[in-house]
Amino acid sequence: MALRGLAASGPSSRGPLDEAVAAAEERGAPAVLATGGAPEDDEEDEGRGRGLLRWDGFSAWLHCVCVVGFDLELGQAVEECQWSGGQRCLDLSCGERKLQERGVSRYWGQSTMFLFSLQSLVLISKLPYIHFFHTVLKQIAPEYFEKNEPYLEAACNDVDRWPAPVPGKTLHLPIMGVVMKVRIPTCHDKPGTTQIAQLTQQADTHISVILPTVHEVDLFRCFCPVFLHSQMLWELVLLGEPLVVMAPSPSESSETVLALVNCISPLKYFSDFRPYFTIHDSEFKEYTTRTQAPPSVILGVTNPFFAKTLQHWPHIIRIGDLKPAGEIPKQVKVKKLKNLKTLDSKPGVYTSYKPYLNRDEEIIKQLQKGVQQKRPSEAQSVILRRYFLELTQSFIIPLERYVASLMPLQKSISPWKSPPQLRQFLPEEFMKTLEKTGPQLTSRIKGDWIGLYRHFLKSPNFDGWFKTRRKEMTQKLEALHLEVLCEEDLLLWTQKHTEVETVDLVLKLKNKLLQADREHLPVKPDTMEKLRTHIDAIILALPEDLQGILLKTGMT
């Protein structure tokens, strides 16, 4: 189960935090404490006494809140954790003990040796609401570092009272005297659309913060130093190429990596990505070795040491400080990897990659015009996000069209046979469809689209996308098979077959119901009801001894 970490200064790297989560769970702190329904009064009192049921609201949003110390030599060390089960003090790690031995205070870094230990407040969540959690941290982190643990516990109590994050709902979320208004996105939302402002015409006087998005980063601000090469970067992300972002700070590294991952939306990025990767990460040796090709990962780094240890990676983006809204940094150039030799190398895109598609000059002119006219960064982001969306859709529509043709005809589905299989995906057959129904129908961009598709079909993103589509289509076939089965006169069928065959049919039908529930098949509610009616009618037509057995037999 993937967890996402956010620190007050930006998303945290994986490694020590994940190990701390795993260690704490071994001590009995569950990751999610969802209960099926409301408990009885005494159950609730007992649960709250144990610190469990009371935190269901908290666990719907957060896995835990951690206080993490950092030492230049020892790396990260989790010092305090607020779990859905209540506050927990983790055992001191080896690194923390060494800090204390050197005279560094565990919490505030004050010591007789005048050494200071950096601290971060970190939120760990399964929800990818990057912008929202950053906003929460900005509200509570400064106060926490002044007021210590009681303030953090009070903030967690506020989170525990929040309503569940239901897709499509607009929520008012109070935390420590501030009320945030957010809308939870749905899978049907178009990237870059902000619907929250359209939901109400009246000013909400009690609202402190209105967030137009909970999960999207400022795309143009992140791409601003490299927007001349944004189409090439889109190709690299689409193809799952190994990519390193070298930035001056964790927040800039993290935001740029997340912007890259989001640029191929609505296509999901199926490879790994590390918004803030450090030398203390457990995969450090694997990613820096030169004995094997770099994996399909996007890394965000800040340590100048990586300029040397990751020099063998094929694509490296080196950026300077991200400018505030309204300020445009100098555009970086594409440079050869051999030029990335020193720690003080200039910003640039270091790669030998030759794009498949010709550069779209129109989007560049549009963004440059916006810069000259001092168009707000938010408006520039909308333009860039729409461009990426149209580019991705032009690329993916021919694939969707071909995959849909692999679906068997509905008339080939028989109630008395297993659902038919999908036809095999044949790359060359797909390539032939591009001549008449390729991306040229929806995109003005010229270039080697065929070459881009051939490369994509070998990538992790295609593998993940096709597995997802194949699963969805297989489930659709199972649902259609159920519908065809329900239209049959099953009672008449049993009259022409033996009791053994009838019992076997009942058991198979019950398994079908169980499968539909377990796998969330896209079955109409009335279809499920018809199937239950068929099962009941067949059982009642059997001898009483068999009725008793089959009525007791669950959906197994």
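Select S443. At 14% relative accessibility, S443 counts as buried, because the cut-off for buried is under 20%. This is a predicted model, so every stop on the tour is a stop in a prediction.

**Stop 1: around S443**

Stay on S443 and show the backbone. The residue sits in the loop between α14 (427–437) and α15 (449–456). Now add I445. Its backbone nitrogen lies 3.2 Å from a polar atom of the S443 side chain. Next, show S394 and W449. S443 touches both, leaving aside residues up to four places away in sequence.

**Stop 2: the whole chain**

Zoom out and switch to a cartoon. How many helices and strands does the protein chain have? The secondary structure comes to 20 helices and 15 strands. Of the 556 residues, 48% count as buried. Turn on the surface. The chain exposes about 28500 Å², and carbon and sulfur atoms supply 54% of that area. Now think about contacts in the chain with a separation of 6 or more. Residues 24 or more positions apart account for 69% of them.

**Stop 3: E79 in strand β4**

Select residues 75–83, which make up strand β4, and pick out E79 within it. Is E79 buried or exposed? At 3% relative accessibility, E79 counts as buried. Add Q119 to the view. The side chains of E79 and Q119 are joined by a polar contact of 2.6 Å.

**Stop 4: the β7 and β8 hairpin**

Select β7, then β8 (residues 178–183). The two strands pair in the antiparallel sense, over six bridges. For one rung, show P174: its bridge partner in β8 is V179. Then go to the turn. The hairpin has two residues between the strands, and M176 takes a positive phi near 50°.

Now show the side chains of β7. They alternate. L171, L173 and I175 point to one face and are buried. T170, H172 and P174 point to the other face and are not buried.

**Stop 5: aromatic rings**

Colour Phe, Tyr and Trp. The count comes to 28 aromatic pairs. Zoom in on W61 and W162. This pair is edge-to-face, with 5.2 Å centre to centre and 85° between the planes. The pair links distant parts of the chain, 101 residues apart. W61 lies in helix α3 (residues 56–61), whereas W162 lies in the loop between α6 (149–160) and β7 (170–175). Both W61 and W162 are buried.

Next, make one selection of ten names: W234, F395, Y402, F425, F430, Y453, F456, F462, W465 and F466. Ring pairs link these residues into a cluster. Rotate the view and follow the rings from one to the next.

**Stop 6: helix α20**

Finish with residues 544–552, helix α20. Which of its residues are buried? They are L546, Q547 and L550. These residues cover an arc of only 105° around the axis, which puts them on the same side of α20. Look down the axis to see this. On the other side of α20, E544, D545, I549 and K552 are exposed.

Last, bring in two more helices. The buried residues of α20 pack against α18 (499–518) and α19 (525–540).

Methods
Residues are numbered from 1 along each chain as its sequence is written. This is a predicted model: local features need pLDDT of at least 70, side-chain atom pairs count only at pLDDT 80 or more; totals for chains, interfaces and linings use all residues. Side-chain values use heavy atoms; hydrogens and water are left out. Buried means under 20% relative accessible area, exposed over 50%, partly exposed in between (1.4 Å probe, protein chains only). Helices (H or I, at least four residues) and strands (E, at least two) are DSSP runs, numbered from the N terminus. The arc is that of the directions from the helix axis to the C-beta atoms. Contact means heavy atoms within 4.5 Å. Rings of Phe, Tyr and Trp (its six-membered ring) pair if their centres lie within 6.5 Å; planes under 30 degrees apart count as stacked, over 60 as edge-to-face and the rest as tilted. Accessible areas come from the Shrake-Rupley method with a 1.4 Å probe; for residues, only the protein chains shown count as cover. A polar contact is a pair of N or O atoms within 3.5 Å; within protein, one must be able to donate a hydrogen and the other to accept it, and residues adjacent in sequence count only if both atoms are side-chain atoms. Two strands pair if DSSP finds at least two bridges between them.
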